[in-house]
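Here are a few exercises on how two chains can meet and how one chain divides into domains. Have the viewer open and try each task before reading its solution.

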Number of protein chains: 2
Amino acid sequence: MSIRETAQAAKAASIQLAAAETATKQKALKSIAEALKANCEAIVASNREDLRISQENDLAAPLLKRLKFDEEKIADVIAGIESLVGLSDPVGETLAAIEMDAGLELYKVSCPIGVIGVIFESRPDALVQISTLCLKSGNAVLLKGGTEAANTNRMLASVIREATRRAGIPEGWLQLLETREDVNDMLKLDQLIDLIIPRGSNEFVRYIMDHSRIPVLGHADGICHVYVDAAADLEMATRIAVDAKCQYVAVCNAMETLLIHEAVGAQFLPGLQQALEKYDVEIRGCAKTRSIIDVVKAGEKDWKTEYLDTILSVKVVDSLQDAIDHINTYGSGHTDAIVTGSPESAAMFMDLCDSGNVFWNCSTRFSDGFRYGLGAEVGVSTNKIHARGPVGLEGLLIYKWQLKGSGQVVADYAGGNKQFTHRPLDKPFSTR
Amino acid sequence: MSIRETAQAAKAASIQLAAAETATKQKALKSIAEALKANCEAIVASNREDLRISQENDLAAPLLKRLKFDEEKIADVIAGIESLVGLSDPVGETLAAIEMDAGLELYKVSCPIGVIGVIFESRPDALVQISTLCLKSGNAVLLKGGTEAANTNRMLASVIREATRRAGIPEGWLQLLETREDVNDMLKLDQLIDLIIPRGSNEFVRYIMDHSRIPVLGHADGICHVYVDAAADLEMATRIAVDAKCQYVAVCNAMETLLIHEAVGAQFLPGLQQALEKYDVEIRGCAKTRSIIDVVKAGEKDWKTEYLDTILSVKVVDSLQDAIDHINTYGSGHTDAIVTGSPESAAMFMDLCDSGNVFWNCSTRFSDGFRYGLGAEVGVSTNKIHARGPVGLEGLLIYKWQLKGSGQVVADYAGGNKQFTHRPLDKPFSTR
């Protein structure tokens, strides 16, 4: 099949899947969990093959670790599916209901987006998580995983497809892409695919945006800040800064730049330096920072850099407004935190920082779908439309307007014979 | 100012405007209404100049009519502003609240998108409507109106800017673009502009999508269908078809193709033909249609065409499923209606038609923000994400995640010392 045919099959399935009964989708999710359990050995064997090839190709150790998909990981994804089964069906919810006139009722009803294209990294767990989130929300999905995981992904896709087919889900809803050319072909199919979610580097997300008319939900950099205010509890600030920088350096919600109010710079920075030394963090500072602690010089480029490493840039600012301006200029709109004892300063920071996640007196590392209690996430969005921050099920939904009449025509209202009532209704949509 | 500087000014203003008090925004809206009243004469004079130039340039009569902005139109837009004042502030609403742990509270709070670029047609009323919707929702806006309305738009923008400045709204929030080059420059500024709303032809919207990384909210064609089911009340079907086709032919929610179940084709089509003759509608039919009534032949091209004219294509279908397939293949996802006495058929049609607006027993012409009771609309969306159908205020909003802690760090939770509670909270966000 060409990628166009693949997408056409997904589109056809998506129409049926959008109208699937809740019970059918629940049965299919349970069927996937059982099939993963039943096919555990075969899945692990296919993963071992991927690991063997990747070792031969000298894949780096952290990537090998991400690629590994063993009994324990399978148990984890099954637990994820079970928690998804526990959630109510997000499709078919009446979001608003308005009587336009007697016998003319308007309903805004949640529905799936349609066909989603997801390009994800080497972890095979992502395939299971994304496909089950799409199934629960009634979307068809085209998946492109890491090439290193090709055997594992093929096995997982086949197990999931077979399990859902048995449960009565229309075939074609889950399609696997194999190559970069497949992805490039997919990007052209804006008549068939409704949303692309690219999980990967900033350059990769930009490449997708530049080569497709299809809307993209993704995130660019994660240049996250912690601002230590004049009214901060400095001990708390150190604890938060260490966590935000060091708890896991290679992730998008780790702090890259610390901003400190000049009133407390001299008091705070020596202790921070000491605390970060334990984690071998290299500090790069502005001129004022360097007048307080002995660190290398930070330049304009540092404020724009997502290190994803044990490096931290530090800048002394004159005021809260200065800190906000710095964040809105150099930040990536991902996650930014203020440490302060002042509710006024916190409110100003949270109102004026143009970021998807704005935090007060806690670490930037909390910015995550699981920690937020949203369940599995399909990705993190630094978009300003549709969905922002960690995106779970609700990011895979949209709505339709359903209007139920009894023969009404516009001419009667335009001519003034009839008037709209626009009265809120308190009932869900039904054709009965 | 270059367009980049213009957009930078708008971005800076947008940050302040996002945090503007409700009272300030309300005062500003009232101030605009007063200023439009006070400057009525000057506005009408500038519009007369536009009309004079356009007449000299032989602008078509319908376009001249749209361009005209007189005392009556000014009274209309003032009434629109007054109804906008009556709505509650959509910004700062707590959409969800979750306790992540004791003293660690997560709030999902509505906020403006930021900077919106709107390109609109010749009607000067659109400038007032769009800018006041943006103000109410706390967004800065770059506006590009029709060239024919240049003088009127300049006058309106200046009156609105001065009125809002007096009310304490940050300067720079409303920017006027003048030329197509300005628009092309704007399309490149994806770091400063968050959303583009192009109101215009399908080609124009596609041009915008192809030349920008900025998300676009717009609609392609309006190829709307009425399907007359086997179980339809045929008298009702005729009334609805006449309204959907003829009440206003030049709009996106007018019917372009009528589908009829073969069981009732012979009974229905002669009457329809007679009813449409009064409106000089040309019918183009499929082979089966032409075996019933004497009309010209419809080809593949007709099913894909938005006539926006007194032309209707008619196709006889074998089944409801056939009708749905036709709509999902040739439709534009705008508005599609079924006429039927069967609740089962209605439910199937509304579930399986992949359109933003799906109607039962009423005219497609109801698909409109004012008729829906949403207030003024910024546009109609056939997107599948963010906002769908008529888009009012809510389409100009997004949310941020605000997390309020007391020194929490992720290491404690990752290490297992602490557990998330994920308990729903029933209170709005506050820094107090």
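To compare copies, they are superposed by least squares on the C-alpha atoms of residues with pLDDT of at least 70 in both. Keep in mind throughout that this is a predicted model.

**Exercise 1. Symmetry**

Task: Find which turn and which shift lay chain A on chain B.

Solution: Start with the general idea that two copies of a chain are related by a rotation about an axis and a shift along it. Here, a turn of 180° with a shift of 0.0 Å along the axis lays chain A on chain B, and the RMSD is 0.1 Å. The two copies are therefore related as by a two-fold rotation axis. To find that axis in your viewer, go to A:H386: among the residues of chain A, its C-alpha comes closest to the axis, at 2.0 Å.

**Exercise 2. The interface**

Task: Work out how many residues of each chain are in contact, and whether the copies meet through the same surface or different ones.

Solution: First, count the contacts: 67 residues of chain A touch 66 residues of chain B. Next, ask which element gives the largest share of chain A's side; this is strand β16 (residues 397-408) of chain A, with 11 residues. Then sort that side of chain A by class, which gives 34 nonpolar, 19 polar and 14 charged residues. Finally, compare the two sides: 99% of the interface residues of chain A are also interface residues in chain B, so the copies meet through the same surface.

**Exercise 3. Strands across the chains**

Task: Trace the strand partners of β16 in both chains, and say in which sense they run.

Solution: Begin with β16(A), which five bridges join to strand β13 (residues 357-362) of chain B in the parallel sense. In this pair, A:Q402 has B:V358 as its bridge partner. Now cross over: β13 (residues 357-362) of chain A runs parallel to β16 (residues 397-408) of chain B, again with five bridges. There, A:C362 stands opposite B:Q408. Last, look within chain B, where strand β2 (residues 104-112) pairs with β16(B) in the antiparallel sense over eight bridges. B:C111 faces B:I398 in this arrangement, standing opposite it.

**Exercise 4. Domains of chain A**

Task: Establish where the domains of chain A lie and how many residues of each are in contact.

Solution: The assignment gives domain 1 as 3-217 + 386-396 and domain 2 as 224-372. Their C-alpha centres lie 35 Å apart. Four residues of domain 1 are in contact with six of domain 2. On the domain 1 side, these are one nonpolar, two polar and one charged.

Technical notes. Residues numbered from 1 in each chain as written. Chains lettered and ligands numbered in written order. Predicted model: local features only at pLDDT ≥ 70, side-chain atom pairs only at ≥ 80, totals over all residues. Pairing = 2+ DSSP bridges. Helix = DSSP H or I, 4+ residues; strand = E, 2+ residues; numbered from the N terminus. Contact = placed C-beta atoms within 7 Å. Nonpolar A, V, L, I, M, F, W, Y, C, P; charged D, E, K, R; others polar. Domains from an automatic or database assignment.
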